[in-house]
Amino acid sequence: MQRLVTGLIFGYAIFIFLLFLSMELVGERWWPMAILLYLPQQIFLLPLMVLVPAALLAEVSLGAYATLGGTLIIFLWHVPFYIGMGGSSGPPGPVKIKIMTNNYGQNHRLPLEPFIAAEDPDFVALDDATGQAAVFQRAYPGRTVVQVGQFVLISKAPVRGAANLDWPRWRGNPVAAVFDVPWEGQELAIYAVHLPTPRGDFAKLTGLGLVRELLGRNRRRSDNMSFGEAMTARVELGRDLAAVFARERRPFVAVGDFNMPPDGYVHRVVSWGLLDCFEQAGRGFGFTFPGDTHNPLTFGSPWLRIDYVLGGPGWYAQACGVEPDRRSQHRAVVATLSRN
């Protein structure tokens, strides 16, 4: 019994390590990994509910218990709990901004204004907010409110220009807009981003969809893509967006609902060379979605971090946080950044 339980413990630890490493390295490039990326990662800890009691009953060695502890360490490497090391990559500079972002769609009519009032950001960038500019202009008459398609920017500074990006696009629709704002003697570019939700693609796996995907016969008439092909297209979209950021020469931030888990390949591509503010200055897990879940596995709390504030070269994050308790589908993210 002892040898069996010990073997199961070591096998489980190796499996978890290889699985999480594959998610990091392969991610959305292989569709089974893409499925696992969007699941509540706590699901992979469920075997501990059997292994820990079994270890106690079998009186396994200290090495086996250490292996169980190491499994938790591997989990926290994969789903890190940040401790708020704000400013750790450089000193605060004289140019400072505070920016908030939120996917405003499916908010269940729960207002964002209390969080805006509490944080008083210089800029609020919203996506999935078509037709909301007039509402926010009435709420903030002393600020500039500009709408471009689904994107809205609420700004304490004048906005000199705003436009959807002509490229890249997803099925003909813009995935980002850029706002040109003068701020503390610099010309600042604010990219509001909304990469496509994968929910429609996951719907392809319902019913017999998973079987058809395995057989390579899961294309839908709506987009003529299988689930795997849609995930590959998301990778290419991420690369195209990263190319836009790489060409930008002004100081810039990119914020919004990127619909990319932080432990996947798309996140690594898009954020390459950029500052993920929550990684540098956040506290906690930073989960933003789904804010309206009742999933008992996550105790009714969000389990994905897919909304980001990303700073271009030269920015340092001084603070970053997630809206605490609004039951909107997406929780807002707010960050304070500085530069020289």
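Which side chain does a polar contact of 3.1 Å join to that of K156? I opened the notebook with this point, keeping in mind that the model is predicted, and I found that the partner is D120, whose side chain is joined to that of K156 by the polar contact.

**Entry on K156.** I then looked up where K156 sits, and I placed it in the loop between strand 5 (151-155) and strand 6 (161-164). Its relative accessibility came out at 36%, and because the partly exposed class runs between 20% and 50%, I noted K156 as partly exposed. Leaving aside neighbours within four places in sequence, I listed D120, P121, D122 and R143 as the residues in contact with K156. I also looked up Y140, which is 16 residues from K156 in sequence and 9.7 Å from K156 in space, taken C-alpha to C-alpha.

**Entry on E323.** I turned next to another loop residue, E323, which I found between strand 15 (316-322) and strand 16 (333-339). Is E323 buried or exposed? I recorded a relative accessible area of 5% for E323, and because buried means under 20%, E323 is buried. The side chain of E323 has a polar contact of 2.6 Å with the side chain of R326. Not counting residues up to four places away in sequence, I noted that E323 touches L112, F115, H330, R331 and A332.

**Entry on the largest nonpolar core.** I looked up the largest nonpolar core and found 32 residues in it, of which F123, F179, I190 and L337 touch the most other members. Strand 9 (residues 176-183) gives the most to this core, with 4 residues. In soluble globular proteins, nonpolar side chains tend to be buried together. I followed up L337 in particular, and its contacts beyond four places in sequence include V95, I97, I99, V253, L275, V309 and W315. I added that K96 and G311 are also among the residues that L337 touches.

**Entry on helices 3 and 4.** How do the axes of helix 3 and helix 4 cross? I found that the axes of helix 3 (residues 48-58) and helix 4 (residues 62-78) come within 11 Å and cross at roughly 160°. Because angles over 145 degrees count as roughly antiparallel, I entered helix 3 as roughly antiparallel to helix 4. On the side of helix 3, the contact is made by L48, L51, V52, A55 and L56, while helix 4 brings Y65, L68 and L72. I closed the entry with the handedness, which is left-handed where helix 3 passes helix 4.

Notes:
Residues are numbered from 1 along each chain as its sequence is written. This is a predicted model: local features need pLDDT of at least 70, side-chain atom pairs count only at pLDDT 80 or more; totals for chains, interfaces and linings use all residues. Side-chain values use heavy atoms; hydrogens and water are left out. Helices (H or I, at least four residues) and strands (E, at least two) are DSSP runs, numbered from the N terminus. Buried means under 20% relative accessible area, exposed over 50%, partly exposed in between (1.4 Å probe, protein chains only). A polar contact is a pair of N or O atoms within 3.5 Å; within protein, one must be able to donate a hydrogen and the other to accept it, and residues adjacent in sequence count only if both atoms are side-chain atoms. Contact means heavy atoms within 4.5 Å. A nonpolar core is a set of buried Ala, Val, Leu, Ile, Met, Phe, Trp, Tyr and Cys residues joined through side-chain atoms within 4.5 Å. Axes are lines fitted to C-alpha atoms, for helices over the stretch in contact, and angles run from 0 to 180 degrees between N-to-C directions. Angles under 35 degrees count as roughly parallel, over 145 as roughly antiparallel, 65 to 115 as roughly perpendicular and the rest as oblique. A crossing is left-handed if the near helix is turned anticlockwise from the far one by less than a right angle, and right-handed if clockwise.
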